[in-house]
Amino acid sequence: MIVPASLRELVAAQAQHRCGYFQTQEVVSGIPLTLEHIWPKAKGGADVEENLWLACRLCNETKGTLTESVDPHTGTSMPLYNPRTQVWSEHFQWDAEGTVIVGLTPTGRATVEALALNAELRIRARALWVEAGWHPPAL
């Protein structure tokens, strides 16, 4: 099934046109965000509002069919952050420079690692956005 445009627009509005994982608006990145299945279709996830959120292509592709990952501090397998039902600031924060995402909880840390949220190129891009005054995003 192809997600109807009206459902995509509804989810985009709910997400405030931001990537669910690092909160940057698509207008800042200049690349349209994609619909992300929180529970992957490959694992039986449905094309319904409750299972959809916006994500940048890199987050969506890196997540793939992952639903959990290991917290690097505890070594425990944790569910990935759910941008639809969980509050970003309870699981993450920006470092002092506004370029690195710090995981505050086991779920946050596991998600940062699994989605490579602090990959070098992402940090370098965020540094430019900080210089321009576009980042970190106001939550």
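A salt bridge, as I shall use the term, is a side-chain nitrogen of Lys or Arg within 4 Å of a carboxyl oxygen of Asp or Glu. Asp 71 and Arg 109 meet that condition, with their closest N and O atoms 2.8 Å apart. Please keep in mind throughout that the structure before you is a predicted model.

Let me stay with that pair for a moment. Asp 71 sits in the loop between strand S3 (68–70) and strand S4 (77–79), while Arg 109 belongs to helix H5 (residues 106–114), so the salt bridge ties together parts that are 38 residues apart in sequence. Are these two residues buried or exposed? Asp 71 has a relative accessibility of 0% and counts as buried. Arg 109, at 16%, is buried as well, because the cut-off for that term is under 20% relative accessible area.

By the same rule, the count for the model comes to four salt bridges. Another of them joins Lys 63 to Glu 36, where the closest N and O atoms are 2.5 Å apart. Here Lys 63 is in helix H3 (residues 57–63) and Glu 36 is in strand S1 (residues 34–37), so this pair links parts that are 27 residues apart in sequence. Lys 63 is buried at 3% relative accessibility, and Glu 36 is buried at 1%. A further salt bridge brings together the side chains of Lys 41 and Asp 47, at 3.1 Å from N to O. In this pair Asp 47 is buried, with a relative accessible area of 9%, whereas Lys 41 is partly exposed at 43%.

I return now to helix H5, the element that holds Arg 109. Seven of its nine residues are buried, so H5 is largely enclosed by the rest of the structure. The buried residues are Thr 107, Gly 108, Arg 109, Ala 110, Thr 111, Val 112 and Ala 114. Which elements cover them? The cover includes H3, S3, S4, helix H4 (88–91), S5 and strand S6 (101–103). Just after the helix, Ala 116 takes a positive phi of about 50°.

One residue of S5 deserves a closer look. Phe 92 lies in that strand and is buried, with a relative accessible area of 1%. Leaving aside residues up to four places away in sequence, Phe 92 touches Tyr 81, Ile 101, Val 102, Gly 103, Leu 104, Gly 108, Thr 111 and Val 112. Three of the residues just named, Gly 108, Thr 111 and Val 112, are among the buried residues of H5.

This brings me to the nonpolar interior. In soluble globular proteins, nonpolar side chains tend to be buried together. The largest nonpolar core of this model has 29 residues, and those touching the most other members are Cys 19, Tyr 21, Phe 22, Cys 59, Ile 101, Leu 115 and Leu 117. Helix H1 (5–14), strand S2 (52–55), strand S5 (92–94) and H5 each supply at least two residues of this core. The largest share comes from S2, with four residues. As for Leu 115, its contacts beyond four places in sequence are Tyr 21, Cys 59, Thr 62, Lys 63, Leu 80 and Arg 122. Lys 63 will be familiar as the partner of Glu 36.

Next, the pockets. The largest has a volume of about 330 Å³. It is lined by 14 residues, of which Phe 22, Ser 29, Ile 31, Leu 58 and Trp 129 lie nearest its centre. Helix H2 (26–29), H3 and helix H6 (120–132) are the elements that give two or more residues to this lining. Which of them gives the most? That is H6, with five residues. By type, the lining of the largest pocket divides into nine nonpolar, two polar and three charged residues.

The second largest pocket has a volume of about 260 Å³. Its lining comprises 17 residues, and Gln 23, Tyr 81, Pro 83, Gln 86 and Trp 88 lie nearest its centre. This lining contains nine nonpolar, six polar and two charged residues.

Finally, consider Thr 24, in the loop between H1 and H2. Thr 24 is buried, with a relative accessible area of 3%. Its contacts, again setting aside residues up to four places away in sequence, are His 17, Arg 18, Cys 19, Trp 129, His 135 and Pro 137. Among these, Cys 19 was named for the nonpolar core, and Trp 129 for the largest pocket.

Technical notes
Residues numbered from 1 in each chain as written. Predicted model: local features only at pLDDT ≥ 70, side-chain atom pairs only at ≥ 80, totals over all residues. Heavy atoms only, no water. Buried < 20%, exposed > 50% of the residue type's maximum accessible area, 1.4 Å probe, protein only. 1 Å grid on protein atoms, 1.4 Å probe; cavity = no way out; pocket = protein on both sides within 12 Å on 5 of 7 lines; lining within 4 Å. Points joined across faces, edges and corners; volume = space filled by probe spheres on them. Nonpolar A, V, L, I, M, F, W, Y, C, P; charged D, E, K, R; others polar. Core = buried A, V, L, I, M, F, W, Y, C linked by side-chain atoms within 4.5 Å. Contact = heavy atoms within 4.5 Å.
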